[in-house]
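Reader: I have a new structure to go through. Can you walk me through it?

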Amino acid sequence: MLHLIYIVAFTIIAFLAVSNLIRSLITVSMDSQRRYPHRGTSPTERDLKWNSQKTIHPELLDERGNPINEPLLVMRSVTVEDARQQLDAIYKASPSASKEKEEDS
């Protein structure tokens with residue numbers, strides 16, 4: 001008898017959880033598609049407000065606080081072997097690598 005009560009209680013709780021999840025998903029999807037009008041502001045006023053509130057990351061500023069106008073670093077994907085070869089080439093070209101070779105001789 002206790003097992004039956006447990007199964008019924010678990011089924012009711014699971015049903016409530018799933019229905020709450022579905023209701024939340026529907027609410028979120030409806031809110032994401034809704035467009036909120038801006039109150040009494042023209043597009044130029046909105047743009048000015050947006051630009052005045054926008055902050056720039058400190059790494060994108062030079063020493064005087066002005067935004068930099070340089071191309072940013074773009075990382076490309078390389079294989080592990082290519083990375084090892086590049087690191088080995090850098091290591092062999094370094095001055096400390098030539099000192100170690102002299103010590104080994």
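Author: Start with confidence. This is a predicted model, and the chain averages a pLDDT of 81, with 73% of the residues scoring at least 70. pLDDT is the predictor's confidence in each residue, from 0 to 100.

Reader: Where is confidence lowest, and where is it highest?

Author: Helix α2 (residues 43-53) is lowest, at a mean of 56. Helix α1 is highest, at 93. Where pLDDT is low, the predicted coordinates should not be read in detail.

Reader: Any ground rules?

Author: Two. Residues are numbered from 1 along each chain as its sequence is written, and side-chain values use heavy atoms, leaving out hydrogens and water. In this predicted model, local features need pLDDT of at least 70 and side-chain atom pairs count only at pLDDT 80 or more, while totals for chains, interfaces and linings use all residues.

Reader: OK. How many helices and strands?

Author: There are 4 helices and 0 strands. Both are DSSP runs numbered from the N terminus: helices are H or I with at least four residues, strands are E with at least two.

Reader: What share of the chain is buried?

Author: Buried residues make up 2% of the 105 residues. Buried means under 20% relative accessible area, exposed over 50%, partly exposed in between, with a 1.4 Å probe and protein chains only.

Reader: And α3?

Author: Helix α3 has 0 buried residues among its 14. Its end C-alpha atoms are 20 Å apart, which agrees with the 20 Å expected at 1.5 Å a residue. That expected span is 1.5 Å times one less than the number of residues.

Reader: How many salt bridges are there?

Author: The whole structure has 2. A salt bridge is a side-chain nitrogen of Lys or Arg within 4 Å of a carboxyl oxygen of Asp or Glu.

Reader: Which residue does arginine 84 pair with?

Author: Glutamate 81, with the closest N and O atoms 3.4 Å apart. They are 3 residues apart in helix α3, so about one helical turn separates them. Glutamate 81 is partly exposed, at 48% relative accessibility.

Reader: And the other bridge?

Author: Aspartate 62 pairs with arginine 64, the closest N and O atoms being 3.6 Å apart. Aspartate 62 is partly exposed, at 24%. Arginine 64 counts as exposed, at 70%.

Reader: New topic. Where does methionine 1 sit?

Author: Methionine 1 is in the segment before α1 (2-33). At 75% relative accessibility, methionine 1 counts as exposed.
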